[in-house]
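Here are some notes to read alongside the structure, written for someone new to looking at protein models. Please keep the display open and find each part as it is mentioned.

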Amino acid sequence: MILSAGNEEVFSFAQPIGVGLIETAINLTRICLFDRPNSLIFIGSAGSYNPKKHQIFDIITTSSASQIEISFLNKKSFTPIEQIITASVSRETIVNSSNYITTDKLSALAFDKLGMEIENMEFYSVMSVAKEFNIPVKGIFVITNYCDITAHQEYISNIKKAKNILIQYLKDKKYIKDK
């Protein structure tokens, strides 16, 4: 089953499950309880923490996610929850998720230094639900912005082209049929 967040990231071939960590967890859990899929592919946009590693319109495929907040970087919080979930044994790009978009370049580079390379609001929830239901999962992301002060404006400017690039990638890799 192919999933997307919703709002600007709606695709005719994907089930939208909500924006952010909470809506995603609730809606995907409901899907898994009532019509359990064999596998999950979450598609969407992501911000790059380090422009030297991932540039605008790059495609990233991964099965690793984290949920680390900026307050943790600033040593102002801790968490008892599992910080990194991975469904793969190989070293992959780790997608960091939060209900907030990083707009501070120094924080973005600190995330990168910790091993998180990109940011997507929903993927940690998708990984968590997939783990709970023992469903194979992966994420396929297109970089729409850098995590800095212009993150939102870049996202708005790039999302339409990014969606087209993502659709073409999915067709090329035979995730969806070319119509």
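**Notes on a predicted model**

1. Helix α4, which spans residues 123-133, is mostly covered, since eight of its eleven residues are buried. Please bear in mind while reading that this is a predicted model. The buried residues of α4 are F123, Y124, S125, V126, M127, V129, A130 and F133. When you look at such a list, it helps to remember that an α-helix has 3.6 residues a turn, so residues three or four places apart point the same way.

2. Just beyond this helix there is a detail of the backbone that is worth finding. α4 is followed by N134, and the phi angle of N134 is positive, with a value near 55 degrees.

3. How do α1 and α4 pack, and at what angle? Helix α1, made of residues 20-34, packs with α4 at an angle of about 30 degrees, and the axes of the two helices are 8 Å apart. Because angles under 35 degrees count as roughly parallel, α1 and α4 are described as roughly parallel to each other. As for the handedness, α1 passes α4 in a right-handed crossing.

4. The largest pocket holds about 400 Å³ of space. It is lined by 20 residues, of which E9, S45, I101, M121 and Y155 are the closest to its centre. Two or more lining residues come from each of the elements β3 (40-48), β9 (137-146) and α5 (151-172). Sorted by character, the lining of the largest pocket is made up of seven nonpolar, nine polar and four charged residues.

5. Y155, already named among the residues closest to the centre of the largest pocket, lies in helix α5. Is Y155 buried or exposed? Its relative accessibility is 17%, and because buried means under 20%, Y155 counts as buried. The C-alpha atoms of Y155 and I143 lie 8.9 Å apart in space, while the two residues are twelve residues apart in sequence.

6. A second tyrosine, Y175, is found in the segment after α5. Y175 has a relative accessible area of 28%, and since partly exposed covers the range between under 20% and over 50%, Y175 is partly exposed. Y175 and I41 are 134 residues apart along the chain, and yet a distance of 9.2 Å separates their C-alpha atoms. I would suggest finding both residues in the display and tracing the chain from one to the other.

Key. Residues are numbered from 1 along each chain as its sequence is written. This is a predicted model: local features need pLDDT of at least 70, side-chain atom pairs count only at pLDDT 80 or more; totals for chains, interfaces and linings use all residues. Side-chain values use heavy atoms; hydrogens and water are left out. On a 1 Å grid over the protein atoms alone, a cavity is a set of points where a 1.4 Å probe fits but cannot get out, and a pocket is an open set with protein on both sides within 12 Å along at least five of seven lines; lining residues have an atom within 4 Å of a point. Grid points are joined across faces, edges and corners, and a volume is the space filled by probe spheres set on the points. Helices (H or I, at least four residues) and strands (E, at least two) are DSSP runs, numbered from the N terminus. Ala, Val, Leu, Ile, Met, Phe, Trp, Tyr, Cys and Pro count as nonpolar, Asp, Glu, Lys and Arg as charged, and the others, Gly among them, as polar. Buried means under 20% relative accessible area, exposed over 50%, partly exposed in between (1.4 Å probe, protein chains only). Axes are lines fitted to C-alpha atoms, for helices over the stretch in contact, and angles run from 0 to 180 degrees between N-to-C directions. Angles under 35 degrees count as roughly parallel, over 145 as roughly antiparallel, 65 to 115 as roughly perpendicular and the rest as oblique. A crossing is left-handed if the near helix is turned anticlockwise from the far one by less than a right angle, and right-handed if clockwise.
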